[in-house]
Amino acid sequence: MQRFQFKWCWYDVVWLALLCSVLGLAVLTAIAALGEHEYRALWISAGAAILLIVAVASGIVCKQRGLLEGVNARRARLGGLIAIALFANSLLVRSDYSVGSKDIRTHSVGHQEYDATNQAGNEVLEKLERTVDADTLTLSIYDVCVGKLSQKVHRDGSAAAERVEVTNARILTDKIKADALDLGANAVGVTELDSRFILTKDNAGNPVHLTHKYAIVIGKGLNYRLAGPTAPLPWQDQYSALPEEVAAALSGNAITGIGKYSPEQVSDVRDALEFFHDGGRIAVELAAQIRSYGYPARAHFGRWSEVQVLPLAVEAGLGEVARNGMLVNPEFGPRGSFPIVTTDLPLIPDHQQDFGIQEFCRLCNKCARACPVQAIPTGGPTLIGGLLRWPLDGQRCWSFIKDTPKCMACMGACPYNKKDFPIHRLAGWLIARKSVVANWVLVRLDDALGYGQSALSFSERFRVGGADQPDVKSN
């Protein structure tokens, strides 16, 4: 029997390594798609993996038979490697300078004051705001939507009389972050509390007096399955009661089952409800712990916040503000809430980080395409209140959500709305290189694989002028 004779040139080895690398990427994409139930992406990536296996096997057979030894074949392989090298260079070398300086510290707010009573959505959320008084925060998941089983705690309080001496602020900062993570946070950052980002009035119209030096920003991510217009919500109508069967199952009182609701549906409701309250719980418990050290601390969450969340979260290095107006975190994308603890406890601040997200958003526009009422602008970001961001039409957005609370199309369409799989982390790393070519390829690939299609379909159904469109008024 004739034995195979392989005479590999360096470019043959490089070609084989490249094909195997692309095969690995296809397999990782298929694994992520399977975990995310994105079946179009699964079939495309699995098909690509099969084709690559065939290509590698065919190349080895052709090499063994001497079919790749001609001068033209060698030139073609070398030319292909040169083209690939140039393409790879275009993916890794920065070529996008379309977004200006993002450094909040260099931006001036001027005389702008932020009054929480004037923010969009107040009329929609006023019922939720009235569930507690100005100095308490509801922790019960039922209170968020149905006002049952109230468990209220103070956001603020008196610090312990005896103050703990801080000898090493770095060690203390690391401990506070570790404590927040142990309480359930997904990300934690610290920044100095810039007075520019303290509200002049809270949602109740009361003047805000806050002199703390530092802000601890706590990131809490929502389950991937619950971020989109087809996801289950923890209410049937706007903040209405839960179905009795689901409420009984959540409370542990269900004895004979939950009727038409599957255990998976109940689990989804529990995850959503916990997300809405859990960030506040973490902030309240962390603030209480800091006060036990003898230092003042106050928890800020949702409608009970007295500080501007987005600029502080950006300064703390937890993400960037995307086109959809949400803070995108590299770990959980736009699916986050960011409660804050302000304090005088001496801490070491983190620094704002540049993830390349806003450069990606300039090319993407997917959330703008998905918004049923066109509340999200196209074009580039602008400086608003000291923060580089896109000027959303908040009134138009909240007017639509008032009648259609299951929207979340901008979140569901966002290419960052994915599970934390290695292939998506690789895409995030590539985006951080700020290459126009890489961002263009990733946007087109996201569309081709079918990500965000449910949000885009939802938008088409409810688009202004459609049969299902509610009466939307905007300023």
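This is a dialogue about reading cavities, a pocket, nonpolar cores and aromatic pairs in a predicted model.

Trainee: Let's start with empty space. How do I find it, and how many cavities of 30 Å³ or more does the structure hold?

Mentor: Rolling a probe the size of a water molecule over the atoms shows where empty space is left. Here you get two cavities of 30 Å³ or more. Keep in mind that we're working with a predicted model.

Trainee: What is the volume of the largest cavity, and which residues lie nearest its centre?

Mentor: The largest cavity holds about 90 Å³ of space. Its lining comes to 14 residues, and nearest the centre you'll find C361, C364, C367, C414 and P415.

Trainee: Which helices supply at least two residues of that lining?

Mentor: Helix 10 (357-364), helix 11 (366-370) and helix 13 (409-413) each do. Helix 10 has the largest share, three residues. By class, the lining of the largest cavity splits into 10 nonpolar, two polar and two charged residues.

Trainee: And what lines the second largest cavity?

Mentor: That cavity has about 70 Å³ of space. Its lining is made of K102, I104, V314, E320, V321, Q352, Q353, D354, Q358, L387 and L388. Two elements give two or more residues to it: strand 6 (320-321) and strand 11 (387-389). For the second largest cavity the class count reads five nonpolar, three polar and three charged.

Trainee: Pockets next. What volume does the second largest pocket have, and which residues are closest to its centre?

Mentor: The volume of the second largest pocket is about 1,500 Å³. It is lined by 47 residues, with I423, L426, L430, L442 and L445 the closest to the centre.

Trainee: Which helix gives the most to the lining of that pocket?

Mentor: Helix 14, with nine residues. Several helices each put at least two residues into the lining of the second largest pocket, among them helix 1 (10-36), helix 2 (39-64), helix 3 (71-92), helix 14 (422-431) and helix 15 (436-448). Helix 10 is on that list too, and you've already met helix 10 in the lining of the largest cavity. Sorted by class, the pocket lining has 34 nonpolar, seven polar and six charged residues.

Trainee: Helix 15 has D446 in it. Is D446 buried or exposed?

Mentor: With a relative accessible area of 6%, D446 falls under the 20% cut-off, so D446 counts as buried. Setting aside neighbours within four places in sequence, D446 is in contact with K366, P415, K418 and Y451. One of these, P415, also turned up among the residues nearest the centre of the largest cavity.

Trainee: How should I think about a nonpolar core, and which residues have the most contacts inside the largest one here?

Mentor: In soluble globular proteins, nonpolar side chains tend to be buried together. In this model the largest nonpolar core has 24 residues, and the most contacts inside it belong to L193, V217, V307, L312, L318, L327 and F338. Strand 4 (214-221) and helix 9 (309-315) each supply at least two residues of this core. Helix 9 has the largest share, four residues.

Trainee: Take V307. What is V307 in contact with, apart from its neighbours within four places in sequence?

Mentor: V307 is in contact with L193, F197, I198, L199, L210, H300, L312, I340 and T342. There's also another core, apart from the largest one, with 22 residues, including A180, V190, L286 and I290.

Trainee: Last topic: rings. How do I describe an aromatic pair, and how many does the structure hold?

Mentor: A pair of aromatic rings is described by the distance of the centres and the angle of the planes. The structure holds three aromatic pairs. In one of them, W10 and Y11, the ring centres are 5.5 Å apart and the planes sit at 80°, so you call the pair edge-to-face.

Trainee: Which of those is buried and which is exposed?

Mentor: W10 is exposed, at a relative accessible area of 58%, whereas Y11 is buried, at 8%. Another pair, F332 with F338, is tilted, with 6.0 Å centre to centre and 35° between the planes. Both F332 and F338 are buried, and F338 is one of the residues with the most contacts inside the largest nonpolar core.

Definitions and conventions
Residues numbered from 1 in each chain as written. Heavy atoms only, no water. 1 Å grid on protein atoms, 1.4 Å probe; cavity = no way out; pocket = protein on both sides within 12 Å on 5 of 7 lines; lining within 4 Å. Points joined across faces, edges and corners; volume = space filled by probe spheres on them. Nonpolar A, V, L, I, M, F, W, Y, C, P; charged D, E, K, R; others polar. Core = buried A, V, L, I, M, F, W, Y, C linked by side-chain atoms within 4.5 Å. Buried < 20%, exposed > 50% of the residue type's maximum accessible area, 1.4 Å probe, protein only. Contact = heavy atoms within 4.5 Å. Phe/Tyr/Trp six-rings, centres within 6.5 Å; stacked < 30°, edge-to-face > 60°.
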